[in-house]
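Visitor: Could you take one part of this protein and go through it closely with me? I would like a look at a single sheet, and then at how the chain around it is built.

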Amino acid sequence: MNDRVYVGNAGKDAPLDRGWLLGHFKDAGDPRHSEDVEIKWGVHPRGDERAQWVKGEERTALLVLVSGRFRVELPGRSVLLEEQGDYVVWGRGVDHSWFAEEESVVLTVRWPSVPGYAVADDGRA
């Protein structure tokens, strides 16, 4: 296999690294290593929520609903994603949290890929 190519399945690979498929946290020799962007395949049971708000955000993020019903909390605003393909984008400096109103699958793209933001008590980002 070419060491610059990786072929996988998001549903199988995501649980191996808290949902993250690509980012700075992958080994440097892995084609999924990137300091430019992070990609996450998030599978969330109904009622799943982020343990605490992300504060002091240094990245821009795009979150796309694949299936389910998913709410993103932003300062002074709650965004409900309920149709496949609904998405929200927020930029640097925008704190956020989330809640799965139904079993949901979401694709998150964040940039740049920087260390931090994992919730220490449960490991969810």
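Guide: What follows is a description of one sheet and then of the whole chain. This is a predicted model, in which local features need pLDDT of at least 70 and side-chain atom pairs count only at pLDDT 80 or more, while totals for chains, interfaces and linings use all residues. Residues are numbered from 1 along each chain as its sequence is written, and side-chain values use heavy atoms, with hydrogens and water left out.

The sheet is open and has three strands in the order β5-β4-β7, with antiparallel pairing; strands are DSSP runs of E of at least two residues, and helices are runs of H or I of at least four, both numbered from the N terminus, and two strands pair if DSSP finds at least two bridges between them. Its edge strands, each pairing on one side only, are β5 (77-81) and β7 (97-100). Strand β4, residues 70-74, runs antiparallel to β5 and is joined to it by five bridges, and E73 has S78 in β5 as its bridge partner.

Around this sheet, the protein has one helix and eight strands in total, following the pattern α-β-β-β-β-β-β-β-β along the sequence. The C-alpha trace spans about 45 × 30 × 25 Å along its principal axes. Of the 125 residues, 38% are buried, meaning under 20% relative accessible area with a 1.4 Å probe, protein chains only. Among contacts (heavy atoms within 4.5 Å) with a separation of 6 or more, 66% are between residues 24 or more positions apart.

Technical notes. Buried means under 20% relative accessible area, exposed over 50%, partly exposed in between (1.4 Å probe, protein chains only).
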